[in-house]
Amino acid sequence: MSEHIVPVRVYVTIFLVLLVGTALTVLAAFQDFSVRLGTHEIPFNTVIALAIAVTKATFVVLYFMHVRYSSRLVWVVVTSALFWLAIMFALTFSDYWTRGWLPVGY
Amino acid sequence: MSHAASAEPHGHPALQHHFENMEQQREAGTLGMWVFLVTEIMFFGGMFLAYTLYRSAYPSAFASASNHLDITMGAVNTGVLILSSFTMAMSVYFTQIGKSRPQILCLIATIILGLTFLGIKAVEYRQKYEDSLIPGRLIPTRPFNPAVAYEGEVNEHKLHLIGNATVHQVELFYWIYFAMTGMHALHMIIGAGLLTFLLYFSIKGRYGPEYHSPVEVIGLYWHFVDIVWIFLFPLLYLLGRHLEHV
Amino acid sequence: MKEFEAFDLPQPSKVNYINAQYGLKSWLLTKDHKRIALLYLGSITFFFFIGGLYAMMIRLELLTPQGDLLQSTTYNKVFTQHGIIMVFFFLIPSIPATLGNFLVPMMIGAKDLAFPRINLLSWYIYMAGGLITIYALLAGGVDTGWTFYTPFSTTFSNSYVVAAGLGIFINGFSSILTGLNFIVTIHTMRAPGMTWFRLPLFIWSHYATSLVMILGTPVIAITVLLLAFERVARVGIFDPALGGDPILFQHLFWFYSHPAVYIMVLPSMGVVSELIANFSRKNIFGYKFVAFSSLAIAVFGFLVWGHHLFVASQSVYAGMIFSFLSFAVAIPSAIKVFNWTATLYKSSISFDTPMLYALGFIGLFTVGGMTGLFLAAVAVDVHLSDTYFIVAHFHYIMVGGALMGYLGGLHYWWPKISGRMYPEGWGRFSALVIFVGFNLTFLPQFVAGYLGMPRRYHAYPPEFQVFNVLSSAGASILGFGMLIPAIYFVWSMRYGKVAESNPWHLPGLEWRTQSPPPTENFEATPIVTWEAYEFAPPEETQVVGKFAGELETA
């Protein structure tokens with residue numbers, strides 16, 4: 001078999017990293033990180049929460065799901081799924097976020 | 001691959017007749033599960049899109065509703081799922097090195113942790129039912145009708161509205177909450193079922209270093225379900241906590 | 001390389017996949033991809049006739065300007081159900097589930113698809129979805145339009161929306177499993193020597209189709225599910241009265257339903273590539289361009305869904321982006337049309353029935369595609385939206401395009417599938433009748449729509465009657481034309497000329513095994529050493545100046 005057997009210490013490390021990440025995200029949720037820029041309030045809380053979630057998910061994908069040790073094809077499959085999700089979000093938001101730009105009834 | 005490859009008698013008992021060898025079968029199984037997970041990503045993605053749109057439309061309502069969720073149960077559930085992902089990965093590891101007893105024990109641990117998650121979820125859902133937070137007329141005898149706390153009141157069972165949030169908008173949050181966690185729970189139930197199958201065949205000694213593809217592949221599914229929760233937890237439970245003491 | 005001419009097939013055994021086992025159980029519990037393809041063929045034909053009956057009712061009602069045949073609510077149900085059945089239960093599965101299931105393993109030299117039991121499951125799921133939808137039709141029907149726009153579908157319609165939605169939801173899994181099977185099979189089970197660029201273009205187009213199935217279908221699944229829950233629970237994700245957003249529904253719905261039309265047309269384009277190359281005895285012009293254009297259509301097809309929302313209060317800026325992308329998506333399709341035409345140039349064309357359908361496809365798909373460009377222009381779409389222009393546009397692609405490819409493919413591979421030839425004379429006749437009937441049905445609809453006749457109306461202003469009468473007349477001819485193959489295909493299974501393994505004398509891998517094939521497809525795993533469409537030079541083939549379809553008797 002040409003597959004790679006991931007050593008136990010890697011699994012344990014990732015597990016602990018994930019637990020730490022969970023604790024971090026709970027703690028960070030109670031702090032107010034919002035930053036004011038003129039009239040806009042940038043929701044840094046959300047950004048931080050998402051950043052932690054993405055990091056945790058990445059570790060699960062790379063190590064628990066063995067993508068780090070898998071063929072390029074698997075890597076392409078994972079990336080394209082995320083890319084398609086991004087398309088769905090981006091083009092839908094191109095509608096919602098630009099609606100207020102032109103006054104109605106011109 | 002030589003011309004005579006198909007003339008060789010089939011070796012491993014688990015080799016299916018339309019595959020040339022175990023390596024091809026394993027490759028196909030793994031790729032198949034990954035392609036299936038892509039469909040799951042797009043499936044949940046639709047709900048995440050709805051969540052994002054409504055959260056940006058009604059931020060105060062979403063914060064109010066989110067703060068009303070039980071953060072302890074949510075965090076504990078997150079820990080439970082992460083541990084179950086660890087035990088699942090360990091189960092695959094033990095199968096790969098041929099240690100069947102630890103493999104079976106890790107599978108049992110994964111199933112128990114999964115059922116624990118579902119149990120805690122059931123408790124949460126029961127609480128929502130009691131507080132009349134199940135949206136619309138999903139439960140016809142108990143429509144959405146939460147008690148709302150008035151200004152300054154401190155009461156855990158009552159909804160505290162932040163800013164200009166309305167109860168209607170809060171109902172939307174609960175709609176999304178139940179849709180997403182409900183769909184997630186359904187996937188966990190299916191996962192627990194698959195793991196039980198795996199356990200049965202593991203006890204029968206079917207898996208080992210030369211044939212462990214089903215363990216690996218179901219492991220992939222289980223990790224995916226964990227990843228969905230990794231996103232659901234902060235987005236549903238944590239989004240308004242920094243406004244809690246406003 | 002004349003290997004295929006000299007290919008010495010052993011005396012074909014009498015055992016093939018059809019007679020290998022007898023009995024209902026051997027068919028209903030089969031794992032053989034070829035038998036599953038036939039199971040699909042039967043069910044898809046059944047649903048096609050039901051959809052056709054609804055079409056007949058539409059055209060009969062529209063003969064007169066008054067709403068005299070059907071009440072308006074009944075008419076709403078008729079066009080809705082015509083759409084649902086034709087889109088979800090005929091067009092989307094048609095080529096992939098029948099021709100794709102049959103041919104994908106054979107064309108790559110495999111014994112079966114990667115997951116034969118999942119293949120069978122996908123047929124059962126299709127049947128379950130279909131039966132639930134039929135229940136919805138018989139119980140009282142659904143009248144929301146196949147597009148299920150909210151809040152009518154969630155709040156105001158009194159029809160069987162949930163049941164129909166459930167049928168569609170379940171059917172979606174059939175599509176997903178088929179696509180999954182194809183992707184894994186094409187990646188992992190190609191025979192030795194079958195490199196990516198030796199694959200027939202049929203395989204490339206099915207691969208691209210499978211990508212769309214995998215990435216798009218889950219979104220319609222969740223959308224229909226949310227719709228059903230909203231209707232049951234009376235909460236408003238999509239209902240504005242309850243704080244929801246109906247445009248969100250349209251975004252989610254069309255995110256799938258636009259790529260869905262590429263699910264319908266890409267396999268047909270794959271068939272046409274096969275037919276054009278093989279029936280002009282010439283290697284396809286620009287193989288790599290055609291192969292990559294399939295992938296490009298699959299990708300670009302996901303970027304254009306907002307052109308269905310131009311008049312739905314979508315932001316004008318988003319409209320501009322989607323309009324530009326909709327123009328861009330035409331380019332890979334145009335590349336295909338140019339390459340097919342270049343293949344035909346200075347080639348040795350034989351006008352057999354499959355080739356007639358392929359040529360019909362090129363012409364009609366071009367008309368459909370060009371009219372799509374008119375609609376991609378936002379300003380023009382404002383005028384033409386919800387008129388018969390749209391109806392004509394998509395029928396040119398779906399019927400003039402996808403259906404023609406399906407019929408052409410069925411005729412082309414019929415000897416391989418059944419071991420019999422269809423009657424060539426009747427084949428050519430019905431192809432012509434279908435072509436004439438089709439154009440007479442839908443060409444007047446372009447004019448009527450441009451002049452302002454709205455779609456989904458059972459009554460219309462009298463000045464549109466002449467177009468409707470022409471259209472209904474055409475529809476009768478079209479219907480008649482399509483009945484003929486239904487009859488002679490069945491007839492041929494008993495009385496058709498017995499076909500040899502390679503009746504058309506072609507180099508494809510599927511022709512290098514007996515007709516019908518044995519259950520394992522090939523006597524031994526083939527080793528591929530030739531390119532796709534590798535024909536002998538023209539002076540060496542026997543078919544110059546002669547129709548290749550005429551069968552040599554044994």
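Start by selecting helix 2 of chain A, which gives the most to the lining of the second largest cavity, with 5 residues. Helices here are DSSP runs (H or I, at least four residues), as strands are (E, at least two), numbered from the N terminus. A cavity is a set of points, on a 1 Å grid over the protein atoms alone, where a 1.4 Å probe fits but cannot get out, and lining residues have an atom within 4 Å of a point. You are looking at a predicted model, in which local features need pLDDT of at least 70 and side-chain atom pairs count only at pLDDT 80 or more, while totals for chains, interfaces and linings use all residues. Residues are numbered from 1 along each chain as its sequence is written, chains are lettered from A and ligands numbered from 1 in the order in which they are written, and side-chain values use heavy atoms, leaving out hydrogens and water.

**Stop 1: the second largest cavity**

This cavity has a volume of about 130 Å³. A volume is the space filled by probe spheres set on the grid points, which are joined across faces, edges and corners. Now show A:N45, A:T46, A:A49, B:L238 and B:L239: of the 14 lining residues, these are the closest to the centre of the second largest cavity. Add helix 1 of chain A and helix 6 (213–237) of chain B to your selection, since each of them, like helix 2 of chain A, supplies at least two residues of the lining. By class, the lining has 9 nonpolar, 4 polar and 1 charged residues. In this scheme Ala, Val, Leu, Ile, Met, Phe, Trp, Tyr, Cys and Pro count as nonpolar, Asp, Glu, Lys and Arg as charged, and the others, Gly among them, as polar.

**Stop 2: where chain A meets chain B**

Next, colour chains A and B separately. Here 46 residues of chain A are in contact with 47 residues of chain B, contact meaning heavy atoms within 4.5 Å. The area buried between chain A and chain B is about 4000 Å², and carbon and sulfur atoms give 82% of that area. Buried area is the accessible area (1.4 Å probe) that two parts lose on being put together, summed over both.

Which elements of chain A give two or more residues to the side that touches chain B? They are helix 1 (8–30), helix 2 (44–64) and helix 3 (72–96) of chain A. Helix 3 of chain A has the largest share, 12 residues. That side of chain A has 33 nonpolar, 10 polar and 3 charged residues. For this interface, the rule finds 0 salt bridges; a salt bridge is a side-chain nitrogen of Lys or Arg within 4 Å of a carboxyl oxygen of Asp or Glu.

**Stop 3: where chain C meets chain B**

Swing over to chain C, where 44 residues are in contact with 38 residues of chain B. The area buried between chain C and chain B is about 3300 Å², with carbon and sulfur atoms giving 75%. Highlight C:K111, C:T188 and C:V235, which supply 15% of the area that chain C buries against chain B, more than any other three residues.

Keep C:K111 on screen and add B:E20. These two form a salt bridge, with the closest N and O atoms 3.4 Å apart. How many salt bridges does the rule find across the interface of chain C and chain B? The count there is 1, and the structure holds 10 over all chains.

**Stop 4: a salt bridge inside chain B**

Select B:R26 and B:E23, whose side chains meet in a salt bridge (4.0 Å, N to O). Both lie in helix 1 (residues 22–57) of chain B, 3 residues apart, about one turn of the helix.

**Stop 5: the largest cavity**

Return to chain C and show C:P200, C:G508, C:L509, C:A532 and C:Y533. Of the 18 residues that line the largest cavity, these lie nearest its centre. About 160 Å³ of space lies in this cavity, and its lining divides into 11 nonpolar, 2 polar and 5 charged residues. A search of the whole structure finds 11 cavities of 30 Å³ or more.

**Stop 6: backbone details**

Finish by zooming in on the backbone. A cis peptide bond joins C:T150 and C:P151, with omega about 0 degrees; C:P151 is in the loop between helix 5 and helix 6 (152–156) of chain C. The peptide bond from C:S515 to C:P516 is also cis, with omega near -15 degrees, and C:P516 sits in the segment after helix 16 (465–495) of chain C.

How values were computed. 1 Å grid on protein atoms, 1.4 Å probe; cavity = no way out; pocket = protein on both sides within 12 Å on 5 of 7 lines; lining within 4 Å.
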